[in-house]
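Visitor: I am new to protein structures. Could you show me how to read one, feature by feature?

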Amino acid sequence: LDGKICITAYTGTDSVVEIPAEINGQPVEILYGGAFFNCAATEIIVPSSVKQISELSFYMCQSLEKITLSDGLETIKNQAFDECTALKSIEIPGTVKSIGEEIFFGCTALEEITVSSAEGGEYCAENGVLYNKDKSVIVAYPASKKDKTYKAPSTVKEILVSAFCDCAYLEEADLSSVEIIGNYCFESCPKLNYVKFSKDLTKIGTTAFYNCTELKSVHLYDKVKEIGNCALGFYYGVDPESETGGYADLPVEGFRIYAEPDTYGATYAESEGFELKSGTVEMFGKHVEKGFIYALSAILGVVVLGVIGIFTGKSIKKKKAAKAPKAPKAEVAPVVELK
């Protein structure tokens with residue numbers, strides 16, 4: 001390929017495969033798309049000569065438990081490890097400069113992603129999650145990471161395609177800083193029941209929260225300008241109106257959207273037939289009526305003023321007492337002792 005040696009196909013049956021660093025005295029630099037498709041190996045070792053892993057290179061390697069990627073690797077293209085269902089952990093070389101979309105799609109056993117200490121690359125990992133170097137983008141979250149909650153670092157602005165897809169254990173996600181949520185981001189997260197969106201969120205991609213049947217409500221702010229098809233409140237199920245029992249995109253029962261009138265969130269709710277609730281504020285994961293907040297604020301204001309008045313009154317009394325002239329001491333007549 002362009003004068004470079006590449007591996008185009010592997011047809012062996014070894015359980016441990018060590019890819020050669022050279023062929024005919026020339027370095028092996030590229031693993032071609034689908035080169036190890038459906039390989040039965042449990043372990044694969046990639047040499048440092050390899051610069052690029054192409055699309056779907058290790059597609060459907062369902063017995064693969066361990067893969068060693070050597071420093072020197074620069075590019076991992078789309079869906080490189082797609083459907084490697086036995087892979088539990090992986091270390092990305094610190095030299096990698098480019099990672100495509102959905103590289104761990106279908107890796108349902110994956111628990112941890114790390115990045116080596118080698119320098120020159122554009123990625124890092126924290127607590128098993130893969131980010132770009134400055135942590136402004138979430139690249140991939142392991143589908144079998146055991147944590148029930150996730151809070152995105154304050155630096156994160158974007159989540160890439162399918163980054164949280166099929167997360168088996170995740171229940172809550174705090175995305176307070178995220179502005180763009182890509183397509184299929186949280187698709188099929190069966191336990192996800194709460195998401196905190198940012199006030200600066202602008203886009204929710206197509207089917208971003210599809211098949212998240214435990215997610216019953218979301219709060220959307222006025223900067224949202226794009227919501228993709230079936231992004232919120234839908235799942236794939238048997239269509240009750242189908243005479244043949246066919247499947248269709250169905251609304252999650254009782255799904256509700258909290259958004260103000262004349263916002264994109266309100267438009268989405270109305271167009272999809274979801275309940276729309278306006279005039280609320282999200283506090284500690286709960287939605288509270290603004291009227292109640294205003295009333296409570298007024299009451300607290302009165303209480304605070306009252307407390308201030310009490311302390312001010314006491315302070316004034318103390319000052320007055322301090323300034324008041326002291327009464328002269330009464331003169332006591334000398335005592336005469338009678339003998």
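**Reading the features**

Guide: Start inside. This is a predicted model. The lining of the largest cavity divides into 15 nonpolar, three polar and two charged residues.

Visitor: How many residues line the largest cavity, and which are the closest to its centre?

Guide: The lining has 20 residues. The closest to the centre are Phe-104, Phe-105, Tyr-141, Ser-162 and Ala-163. The space in this largest cavity is about 170 Å³.

Visitor: How many cavities of 30 Å³ or more does a search of the whole structure find?

Guide: Two. The second largest cavity has a volume of about 40 Å³. Its lining consists of Phe-209, Cys-212, Leu-215, Leu-232, Gly-233, Phe-234, Val-252 and Phe-255. Seven of these residues are nonpolar, one is polar and none is charged.

Visitor: And pockets? What lines the second largest pocket?

Guide: A pocket is open, while a cavity is a space the probe cannot get out of. Eleven residues line the second largest pocket. His-219, Leu-220, Tyr-221, Asp-222 and Glu-260 lie nearest its centre. By class, the lining has four nonpolar, three polar and four charged residues. The pocket holds about 160 Å³ of space.

Visitor: Now the sheets. What is the general idea?

Guide: Strands of a sheet pair through backbone hydrogen bonds, and the pairing is either parallel or antiparallel.

Visitor: In what order do the seven strands of the open sheet stand?

Guide: The order is S12-S13-S14-S16-S18-S20-S22. The pairing in this sheet is mixed.

Visitor: Which strands stand at the edges, and why is one side of each left without a neighbour?

Guide: They are strand S12 (123-126) and strand S22 (226-227). Each has a single partner strand, so one side has no neighbour in the sheet.

Visitor: How many bridges join S12 to S13, and do the two run parallel or antiparallel?

Guide: Four bridges join S12 to strand S13 (residues 129-132), and the two run antiparallel. To find the spot, look for Glu-126, which stands opposite Val-129 in S13.

Visitor: What is the order of the open sheet of three strands?

Guide: The order is S15-S17-S19, and the pairing is parallel. Strand S15 (149-151) and strand S19 (194-197) are the edge strands, and each pairs on one side only. From one strand to the next, the twist averages 5°.

Visitor: Over how many bridges do S15 and S17 pair?

Guide: Over three, in the parallel sense. S17 covers residues 172-175. Thr-149 stands opposite Glu-172 in S17.

Visitor: Last feature: aromatic rings. How do I read a pair?

Guide: A pair of aromatic rings is described by two things: the distance of the centres and the angle of the planes. This structure holds 15 aromatic pairs. One of them is Phe-36 with Phe-58, at 5.2 Å centre to centre and 15° between the planes. Planes under 30 degrees apart count as stacked, so this pair is stacked.

Visitor: Where do Phe-36 and Phe-58 lie?

Guide: Phe-36 lies in the loop between strand S4 (26-31) and strand S5 (43-46). Phe-58 lies in the loop between strand S6 (52-53) and strand S7 (66-69). The pair therefore ties together parts that are 22 residues apart in sequence.

Visitor: Are Phe-36 and Phe-58 buried or exposed?

Guide: Both Phe-36 and Phe-58 are buried.

Visitor: Which residues form one aromatic cluster?

Guide: Tyr-141, Tyr-150, Phe-164, Phe-186, Phe-197 and Phe-209 do. You have met Tyr-141 already, close to the centre of the largest cavity. Phe-209 also appeared before, in the lining of the second largest cavity.

Technical notes:
Residues are numbered from 1 along each chain as its sequence is written. This is a predicted model: local features need pLDDT of at least 70, side-chain atom pairs count only at pLDDT 80 or more; totals for chains, interfaces and linings use all residues. Side-chain values use heavy atoms; hydrogens and water are left out. Two strands pair if DSSP finds at least two bridges between them. Axes are lines fitted to C-alpha atoms, for helices over the stretch in contact, and angles run from 0 to 180 degrees between N-to-C directions. On a 1 Å grid over the protein atoms alone, a cavity is a set of points where a 1.4 Å probe fits but cannot get out, and a pocket is an open set with protein on both sides within 12 Å along at least five of seven lines; lining residues have an atom within 4 Å of a point. Grid points are joined across faces, edges and corners, and a volume is the space filled by probe spheres set on the points. Ala, Val, Leu, Ile, Met, Phe, Trp, Tyr, Cys and Pro count as nonpolar, Asp, Glu, Lys and Arg as charged, and the others, Gly among them, as polar. Rings of Phe, Tyr and Trp (its six-membered ring) pair if their centres lie within 6.5 Å; planes under 30 degrees apart count as stacked, over 60 as edge-to-face and the rest as tilted. Buried means under 20% relative accessible area, exposed over 50%, partly exposed in between (1.4 Å probe, protein chains only).
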